[in-house]
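Grab the model and work through these exercises. Each has a task, then a solution in steps.

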Amino acid sequence: MTTTTDDRPLDALVVHATTEGHTARIAARLAERLAERGLRVRSSPVNEHGTLPGDDPEPLPPLVIAGSPVHVGRHDPGLVRWARGHAKDLGHRAVGLFSVSLSAAGRPDEVADAERLLAHLVGETGWTQARTTVVAGAISWSRYGFLKRFLMKRVLRKGGRTPHPDHDEVFTDWAALDAFADRLAGDLERLRAEPGVPGGRSGQGASA
Ligand SMILES: Cc1cc2nc3c(=O)[nH]c(=O)nc-3n(C[C@H](O)[C@H](O)[C@H](O)COP(=O)(O)O)c2cc1C
């Protein structure tokens, strides 16, 4: 878990799950981009029970972002649990939800699959007001054991792609990810201009 260091109240929370580490990199980049824009950000992994290693910030900050990789057609159960548990707390907040997969780096029909999985994630979590995006992930060969290497090679060949198991392959469009962070920061700015918003200019005492 990382938090930008100063005493201001938290502006943003980025929660992620990861199996091979790439979604952690994506979450870190989102947090970094928001911090570059002057926001105080906490970035945290979620465990399989759907809890954060420290306490959940109470109340949640005015910008909340969650993301999960796709493994074998599903999102991380811990992330889904955490997000579902907080769906009721998202009123008057800027909200982002992202899904990381190889399909998002594929042909248009594969990207459509990634979008369908993201729509399913929105339904599962109840984060219906979230700004959403699919993010192209990575093939982290160096993190795979024998079975995952074997499976990944098979999946790639089946999809007409050539595996390159001698090096990790990253498909993430970092500029597009920065643009997603910028849009969420813009959502937060607009929200804070409204009266009665938590963390807003006139939001003292407002509840979620
Ligand atoms: C065992 C395994 C299963 C995967 N299943 C899918 C899948 O069903 N659909 C997909 O688009 N990508 C799939 N991927 C690709 C991952 O979503 C991608 O590698 C992502 O970057 C992993 O994120 P992480 O490093 O944060 O775990 C799979 C990867 C592995 C290793």
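First, a term: a nonpolar core is a set of buried Ala, Val, Leu, Ile, Met, Phe, Trp, Tyr and Cys residues joined through C-beta atoms within 7 Å. Buried means that 20 or more other C-beta atoms, placed from the backbone, lie within 10 Å of a residue's own. Keep in mind that this is a predicted model: local features need pLDDT of at least 70, side-chain atom pairs need 80 or more, and totals for chains, interfaces and linings use all residues. Numbering starts from 1 along each chain as its sequence is written.

**Exercise 1.** Find the largest nonpolar core and explore one of its residues.

Step 1: the largest core holds 46 residues.
Step 2: those with the most contacts inside it are Ala12, Val14, Leu30, Leu34, Ile65 and Leu184.
Step 3: take Val14 and skip its neighbours within four places in sequence; its contacts (C-beta atoms within 7 Å) are then Ala27, Leu30, Ala31, Val41, Ser43 and Ile65.

**Exercise 2.** Work out which domains supply the shell around the ligand.

Step 1: an automatic or database assignment sets the domain bounds, giving domain 1 (2–137 + 172–192) and domain 2 (140–169).
Step 2: their C-alpha centres lie 26 Å apart.
Step 3: even so, each domain gives the shell at least three residues.

**Exercise 3.** Sort the residues around the ligand.

Step 1: there are 22 of them (C-beta atom, placed from the backbone, within 6 Å).
Step 2: His22, Thr23, Pro69, Ser101 and Gly137 come nearest.
Step 3: nine are nonpolar, 11 polar and two charged, where nonpolar covers Ala, Val, Leu, Ile, Met, Phe, Trp, Tyr, Cys and Pro, charged covers Asp, Glu, Lys and Arg, and polar covers the others, Gly among them.

Conventions:
Buried ≥ 20, exposed ≤ 12 C-beta atoms within 10 Å, placed from the backbone. Contact = placed C-beta atoms within 7 Å.
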